[in-house]
Each structure stands twice: as C-alpha cells, then as structure tokens.
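Reader: I am new to this one and would like to know how its labels are earned. Could you take me through them, please?

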Amino acid sequence: MQHRVYLQYDNIVSPLGFTTADNFTHVLAGKSGLATTTIAGAQALQVCAGIVANGPLQNAFHHISSNPAYTRFEKLCILSMHQAISNSGVDSASPRTAVIISTTKGNIDMLYPNSYPSIPAERLYLASAAQAIAKYFSSNNQPVVISNACISGVMAIVTGMRMIKFGQYDHVIACGGDIINEFTASGFQSFKALSDEPSKPFDKDRTGLNLGEAFGTVVLSKTPADIEIFGGAASNDANHISGPSRDGSGLKIAINKALTDSGKSVMDIDFVSAHGTATPYNDEMEAIALDSLGLAEKPVNSLKGYFGHSLGGAGLVETIISTQTIRQGKIPATLGYHKHGVSRPISVVRETLSKPTNHVLKTASGFGGCNAALIFGKA
Amino acid sequence: MSTQLTISKFVRMNNAGLWLNGEPVLTQPTGEIKAYLQQLYSQLGVQYPKFYKMDSLCQLAYIGAQLLLKDDSITNLYASSEIGAVFANKASSLDTDRRFHETICDSEAYFPSPAVFVYTLPSIMSGEIAISEGIKGENNFLVAAEFNPHQQVEYLTNLFATKQVQACVAGWVELDFENFDVLMYIVEEQTTGIQLSTIELKQLYTAKF
C-alpha cells in the first residue's frame, strides 16, 4: 500500500529571519540577506554572502536550550527544526518518525584546531553531528544523512517522501543547511564561481553565485495537510564533474522522472522554482532543459538573490518559500534579474507575480553532474 | 516466477584483501593506499586518464565500479537512465577535505585549487562512475556512523519501488587516513541470487573470504 505524503510544517532560519513567515515577508518585500562580509580565517576573504549574525543566533538558541555544547552548524539545524517540530506536534521520539539531515560539509569548521574545545572531535563526521541533532529531539532512530552536493536538499524531501509513501515511517523531519566559512568560500573562489555583488540569476550580466546560510526544515507526514508532495527523482549528466552538460539532458531526465512519479504532466505545472545559481553555465543549462520540455511559458524564478546558494539547505529553503507561494498565490521576483541572459525564452519573474499556484516544479543541479526534481502542490 | 531485489555481483575491498564475488582478484593490498590504487588501476588494463585526476576516494570507487561493470553486462542490459548510483560512507570526503584545508589555513602558503576542491564532496564518486560508465539514473550519497546495511536496504527498496531504475550500483565506499573499506554491489530484479537484505549485506560485509 502506498501512502500520500504531505508537508505538515516547516521553518527557515536565515539572515532574513528565524521563521518561514518572516523569511517570506522579506522576500516579497525584495529584501536580500546578502551583504559584503569578511570571512574569518587566514585570508580574511571578502565575499558577498548571506551569513546569519552570531548574536541573534546565540540569543535565539539560548531561548530554547541552556546547553551551549553544540557547533554553529548544529545550532542552526536545531533552531530551524525546533519551531517546525513543536508547531507540528509530531513526536520526534517515536520510532515511526525519521530524521534526515541534508548538508554538504556539516561541521567542517572543526578542521580548525580548538574551534570547539568542549565538543568531541568525532562530530567532524557528518553522522555524528546528525546524531547529536537527532538526540536533541529525543530521536532514537539513526538519522539519514544526505550529502549529495547541491541537490541534497531536494533529495532530502524525495527520500523522506519515499520513506512515508512506502510505509516505513509516518513522519519525517528533514533539515538541511551549510555554514559558510573559509573552507567553502575559498573553494568556490578558486573556481572563480563567486560574484562580488548580489547574484543575477538568468541575467545577461551574471557573473557567479553567492554563498549563503539558510537552514530549512520540513515535517513530512502521512497525515493530510494542505500541501502534498507528489513525486521526485534524481539523475546524473554523466558528462563532467564540475560543470553541467550543455544540453540539459541530465536535468530533463530528472524532471521527466519526477513528472511520471507524481502522475502530473507539464500542463499541470504552474510555476518553476529553479536552481538559478547565476553562474554562466547553470542558468543556461536550466533554460535549455525547461524550454525543451515545454515549460518556457511557465513563470520561473530563482531565490538565490535573497538567500545566496545555501548548498545543503537550498532545496529545502526554496521548496518552503515556494509552498508559501502556493498558499498566498504570490510568486517572488527573481532578485537581480534585469536583462534576459539565456538563449531560451523562459519566463523569468521580475516582479512579484500574483497567480493562483497549484503545482510547483522545483529543480536543482550540482557538482558531480547530479540533478534532482521535485513536484508538490495543493493537496 | 516472481522477481526480488538481488545482489547480482559484489566487490569487497579493505586493508586485508580484494575480492570479486568472494574470490580474490588482482593484487592484495600492500603498503600505502595511493600506491596500491595506482597498482590496481594498471592491473585493470583500462585506459582512463581521468583516473589520475581523481582523489583517492574516487579512485577507490572507480576501481570497485570497474570490477563490477567492466564487462558491460549491466550497461548493455539496461538503458543508462535506468541505472542508479547510490553510495554511502562514514568519513564523507574528509581525506580530501583535510588536504584542501592544508592549502588554505596558512596565510603564507595559501593555494586553494579547484582541482582539489571539487573532490571535497563524497558524491563526486557517483559523478565519476556515471561519467566512466554512462550511468544517468538515480544519484544519492548517504553518510552513516558505520556500515549500515539496514539503511542501504531501506533506501534501495524504496528506490526500486518507484520504478525509476532497473539496476543500481550501490554500497559502502569508505576511506579515512590509511583505512579503506568497500562493499560495492549491483542490485537488479532477478528470480534467483543473493537477496538484497540486511542479513545478506551484513554477511557479505563480515565474511572472511
């Protein structure tokens, strides 16, 4: 027997706020969480990024827990999960509730000696960090940790959906995000992938991405709710490990599989929440994939101008914002987009668009040539 | 005849040996891992210069995948988009993370390289195998505290239930310092064979061949 899967509750912790509502309000107001900032470390890198301010983070964490023995990454996860779990009323301690953590680097700042003197060195290992987070919420199941580059967040939802659909669990709490520090910033900078200014997805003058901290949590459940997760899938370009295939064929495979999985067709899709990292190659590849599938006339946006690329958090945060779109009938503008800069006539939203939105397609692609697609909407 | 998910082929590699379907193959492990991986590559007799760009973790995964897929039996039988690559380990990409960290932590010797940074993601191994074998289906990477057969079986069972793949290269590919630990296998729906189950995976993992 297969169960239908619903999105019960969600939460976002980012520079735009510590609740989904605050984040969506700021997004609709055109406010970005990106700013020029200096990354602490040997090089004091100056980047345009979305960093959660430490003061508010520690204050907010202190409100929910008197135990300070958690890393920055763990605190951001716990803070993101806390409100979603308590609002949903889901029993996180139940064996029928699974926990998924989606992250590319977890506690990578623990590579620096003495970064956290009171925290066991073992927490550098992703599963150990995930276990600490799961234990905070009294979960005794082994958390599922997904670390699949930039599609991790979408795959967290796809994986969680399957775990409920096929009956292993009744609820899944999925949280994802990445801290932005010297390791990640210098790495992306070595690829010349970073923009010094807020990024411009799909724009003619786009020069690259910004990194951002944004931790999204969804509580998936077999208990009916207003938003349903219809289907999802992943694929690989099988072409190049650090650049997308030029013809978008890998992403098309993922989108087609997601459509089949969901029982929806291209005609059912009202809006596409794209990956839109604002690198020259990604946006062009996505435009080709969407256009060749007949999605060019559907409103499409990228949220990377508000949050930056939140890596392990991207698929979750952007899905959550898009569920607000479904509920409120408002598609946020693609911040940074002014002049059409991809070779296909996709319909990039440049101002908030009021439109009844029932079904959303979310896409993501990442290093290693991976792609993922998710379809969700009104139940 | 009804089919079930089976482990149709498996590779076991660790510091004690290298076995394909339970039989020792190629050279048994000697000394330092980097040299051992180079040795295995030359013994495979394939021409794949990209091997030399890979980090040790991806080289390890590549060797395992070659042993499983070199005869093209899987890639001839199934469409490329119907074959998945789903792996797991404990240390993620820490082997390369540590190396990358060394290139950035000293302001006097700061030389981050994209050729190294790209390998600071464990899922790159799926990409490397996808490219060398032309595999375009499901892609995912899980990180666990230890070899977790239950988690692997749960994931793969759900994956096949979606009917999005007909075969999957899967398994545990772990490298941390000089310890390497691999149980890589192919899953297909077949009428006979080793059933994909927690007990069977555990037995393959702990067996002394």
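Author: Happily! This is a predicted model. Let's start with a definition: a salt bridge is a side-chain nitrogen of Lys or Arg within 4 Å of a carboxyl oxygen of Asp or Glu.

Reader: What makes Arg327(A) and Asp10(A) a salt bridge?

Author: Their closest N and O atoms are 3.9 Å apart, and the cut-off is 4 Å, so the pair qualifies as a salt bridge. Arg327(A) belongs to helix 10 (residues 314-328) of chain A and Asp10(A) to strand 1 (residues 5-13) of chain A, so this pair ties together parts that are 317 residues apart in sequence. Over all chains, a search of the whole structure finds 19 salt bridges.

Reader: Why is the pairing of Lys105(A) and Asp97(B) called a salt bridge?

Author: Here the N to O distance between the side chains is 2.8 Å. The limit is 4 Å, so this pair fits the definition too. Between chain A and chain B the count is 3 salt bridges, along with 20 residue pairs in polar contact, both residues at pLDDT 80 or more.

Reader: Which element gives the most to the side of chain A that touches chain B?

Author: Helix 6 of chain A does, with 8 residues. That side divides into 29 nonpolar, 20 polar and 7 charged residues.

Reader: How much area do chain A and chain B bury between them?

Author: About 4400 Å², 60% of it on carbon and sulfur atoms. Tyr125(A), Arg162(A) and Ile241(A) supply 14% of the area that chain A buries against chain B, more than any other three residues. The contact takes 56 residues from chain A and 56 residues from chain B.

Reader: What makes helix 3 and helix 4 of chain A a crossing pair?

Author: The axes of helix 3 (residues 72-88) and helix 4 (residues 126-136) of chain A come within 10 Å and cross at roughly 35°. The crossing is right-handed. Among the residues making this contact are Phe73(A) and Met81(A) of helix 3, and Ala132(A) and Tyr136(A) of helix 4. The residues of this contact divide into 8 nonpolar, 1 polar and 1 charged.

Key
Residues numbered from 1 in each chain as written. Chains lettered and ligands numbered in written order. Predicted model: local features only at pLDDT ≥ 70, side-chain atom pairs only at ≥ 80, totals over all residues. Heavy atoms only, no water. Axes fitted to C-alpha atoms, helices over the stretch in contact; angles between N-to-C directions. Helix = DSSP H or I, 4+ residues; strand = E, 2+ residues; numbered from the N terminus. Left-handed = near helix turned anticlockwise from the far one by under 90°. Contact = heavy atoms within 4.5 Å. Nonpolar A, V, L, I, M, F, W, Y, C, P; charged D, E, K, R; others polar. Buried area = accessible area lost by both parts, 1.4 Å probe. Polar contact = N/O pair within 3.5 Å; in protein donor to acceptor, adjacent residues only side chain to side chain.
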